[in-house]
Amino acid sequence: MDYTVRLVSPALLLVVLLTTGQQQGGTPTRECWMSCQRHVTDPALRARTCGSCLPGGRVDSWVQGLAGQRPIPRAPLVSAMKDPDWRVRWAAVRADARRQGVTDRRALADWVMEAPVSSNLTACLTAARAAAEAGASSAKFLRDAGPRGANAAARVWGRREAIREALELELYAEDLAVRGSALAHLAAFLSRKPARVLLDAMATRPESVDAVSASALKVVAGRSRSSVGRMLLEEAKPAEEARINRLFAVYSKELEGMQPELTVADPLQRRRAVESLRVYGPLAMRELERALGDSDRWVRRDAARALAEAEGVPLRTAAERRIESSDAMQARPWLEAMAREKGCAAFFLGTARDKALAASVRGAALAQLADCGEGARDRVSSVEPFLADEQPLLRAGAVRALSGLTTRQPGVSEATSRALGDGAPEVVSAALELLALQRQTSRGDEAALLLESDHVVVRTAAAEALEQIGRASHVKALAGCLREDAEAAVRVAAAAALGRIGGAQAAAALSDAAARDPDSHVKHVSREALRRLGFGQ
C-alpha cells in the first residue's frame, strides 16, 4: 500500500461545509467540492484534486487542478462533460484540449461534431455559452476551431430553439447569478439586447415571477455599467407597454424600500445607497436628484455621476446643462463631480470665463480647481486675471483655487497677502481658509487681527483658521471673542480653536462659556473642548 497518499479527512470536509455559511463565495466552494466528488471517483486522485476547491474556489476549480497533473486523467473529464453546470463542462473541454495538445476551440468543435445529433444539446449549449462569455457569436467563436469549426457552428445554430428554451428556463433559477448569466448568454447567442430577450420571455410567463425576471436584468445591467431603466426604454414598443409596466412596478417597489438607506446618518451608507441606484437609471431620477443636496460631497458627486449615466450623456455634457441656469448650491455637485474628470482644468476655467453664468457659479468653478489634478504648475498664472476681477466672488474663487498648491510656489504668498487686505469679506474669508488649509502658522497674527473685523464671515473664518495655525499668543483674542462676540457662529469657532490651543486661560474661557453662554451650541462645543483638554468626563 502506498502510504504517501493522503486521503481527504472528515475534518477537511467539515471545513468545506462550514465555509459555505461563513464567507461570500462559500456556495461555489461547496458546489466545487460536490462536483469534484461526483466526477473523480478514485480516492487518491480525489485527494490530489478536490483540495483545489479551497478556499472559496469556483465551481470548476477542481478541473483546473486536475489539468495541472501529469498525465491528465481522461475519465473524470469525460464524466465532467455531462455536468449540469456549463462552466464545469467548458473547463473539462479545455483540460481535455490540453491533454490532446490542441486548442480549446478545436476540442469544443470536435465534441459538438462527435456527439450524435439527437443528443448533442449539452455540447451545443456549452459552445453557445462559452462563446457568449467571450463576447462573441458561436459562429465567430468556432471560426478558428479548425476544419470542423464551420460545421460545428452550424450544428450549434441548428439547436437554437432548444438552447433558447434551456436558457430561458434558467432565467427563473433560484440562484441570482445563474439568472443573470443565462440572460446575458441568451442575448449574446441570439444577437439581441438583454431587455428584448427578457420581454420576449415574459410573454409566456405569469406576473407572479416578474420579480425574478427583473432581477436578472439588473444583474446584466450592473455588469455592463448600464441601467434597467435605459435598457427597457431603448427596447420599448407600444404593444409591450403592459410588460414594461410590470417590470417598472417591481423596480418602483424596490426603490421605495431603499428610501431609508438614503437618509441614514452614516455618509458611507448613503454613498453605497446612491451607488445601488445607478442600476435603475432613469427610474431613480427622483432619488438621485434628492441626493444632489446631501451634506456629504462624495454622496453629491456620486449622485451627479449617476444622473449623467441615467440621462445617457457624458458627465461634462450633463454638468454644462445643469449649471447654465443654476446658482452655486445647485451647481456644486456637478462641479465637484467634474473635479476628477479628464479635462477638469479647462472645464473650470472655461466656466469661470463664461460671463453668461452667475458670478457665484463662476467663482465656485474656480474654487474646484483646487481638487483638479491638472494644470497645477500653471495654476497661479491661470487664475491671476480672476484675482483682480471686479466680482468679489470670482476673486474669492481664485484664492480658493490656490489651496491645492504649496506656499513655496511662486505667486501664492503674494496672492494670499493681497486677498487678506481685500475690501470684500468673501475674499478675506477665502484667504483665511487658505491659511488654514496650507497650515501657514507664520501668519497666525494676521488671522488674529481679523477677529476684530466688522464682518461676521471674516471673524468666523479667522477663528476657524486659528484652530489650525493659532498659538498660545492668540488665546487672549480668542477668549475675548468667546466672551463678547454677538454672533454665535464666531463664538463656536473661537471655542473650537481654544480647545485645540489649550492652556489655563483657554480652559477658563471655555469653562465660563460652558456655564453661561446663551447659545446651546456654543455651550456644547465649549464642553467638548474642555474634554479635549482633559477637563470633565
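**Disulfides and pockets in a predicted model**

Good morning. A disulfide joins cysteine 32 to cysteine 53, with an S to S distance of 2.0 Å. In sequence the two partners lie 21 residues apart, and the pair links distant parts of the chain: cysteine 32 sits in helix H2, residues 26-39, while cysteine 53 belongs to the loop between helix H3 (43-49) and helix H4 (61-67). I should state at the outset that this is a predicted model, and that the values I quote are computed from it.

Let me stay with this bond for a moment. The torsion about the S-S bond of cysteine 32 and cysteine 53 is about -75 degrees, so the disulfide is left-handed. Are its ends buried or exposed? Cysteine 32 counts as buried because its relative accessibility is 0%, under the 20% limit. Cysteine 53 is likewise buried, with a relative accessible area of 0%.

The next bond involves the same helix and the same loop. Cysteine 36 is joined to cysteine 50, again with 2.0 Å from S to S. Here cysteine 36 is in helix H2 and cysteine 50 in the loop between H3 and H4, 14 residues apart, and this pair too links distant parts of the chain. Its S-S torsion is about -85 degrees, so this disulfide is left-handed. Cysteine 36 has a relative accessible area of 0% and is buried; cysteine 50 is buried as well, at 0%.

I turn now to a later part of the chain. Cysteine 344 and cysteine 372 form a disulfide, with their sulfur atoms 1.9 Å apart. The pair links distant parts of the chain, 28 residues apart: cysteine 344 is in helix H22 (residues 344-353), and cysteine 372 is in the loop between helix H23 (359-368) and helix H24 (379-387). Which hand does this bond have? The torsion about the S-S bond of cysteine 344 and cysteine 372 is about 75 degrees, so the disulfide is right-handed. Cysteine 344 is buried at 2%, and cysteine 372 counts as buried at 4%.

In total the count comes to three disulfides. With bonded cysteines counted along the chain, they follow the pattern 1-4, 2-3, 5-6. Two further cysteines deserve mention for their accessibility: cysteine 124 is buried at 0%, and cysteine 481 counts as buried at 7%.

The second topic is the pockets. The largest pocket has a volume of about 730 Å³. It is lined by 28 residues, of which Asp85, Trp86, Arg87, Val178 and Ser181 are the closest to its centre. Which elements give two or more residues to this lining? They are H2, helix H6 (86-100), helix H8 (121-133), helix H12 (176-190) and helix H14 (210-223). Helix H2, then, contributes to this lining and also holds cysteine 32 and cysteine 36. By residue class, the lining of the largest pocket divides into 13 charged, ten nonpolar and five polar.

The second largest pocket has a volume of about 400 Å³. Among its 17 lining residues, the closest to the centre are Ala367, Ala396, Gly397, Arg400 and Glu433. Two or more residues come from each of H23, helix H25 (392-401) and helix H27 (425-437). Its lining divides into nine nonpolar, four polar and four charged residues. Helix H23 therefore appears twice in this account, because the loop holding cysteine 372 lies between H23 and H24, and H23 also gives residues to this lining.

Thank you for your attention.

Definitions and conventions: Residues are numbered from 1 along each chain as its sequence is written. This is a predicted model: local features need pLDDT of at least 70, side-chain atom pairs count only at pLDDT 80 or more; totals for chains, interfaces and linings use all residues. Side-chain values use heavy atoms; hydrogens and water are left out. A disulfide is a pair of cysteine sulfur atoms within 2.5 Å. Helices (H or I, at least four residues) and strands (E, at least two) are DSSP runs, numbered from the N terminus. Buried means under 20% relative accessible area, exposed over 50%, partly exposed in between (1.4 Å probe, protein chains only). On a 1 Å grid over the protein atoms alone, a cavity is a set of points where a 1.4 Å probe fits but cannot get out, and a pocket is an open set with protein on both sides within 12 Å along at least five of seven lines; lining residues have an atom within 4 Å of a point. Grid points are joined across faces, edges and corners, and a volume is the space filled by probe spheres set on the points. Ala, Val, Leu, Ile, Met, Phe, Trp, Tyr, Cys and Pro count as nonpolar, Asp, Glu, Lys and Arg as charged, and the others, Gly among them, as polar.
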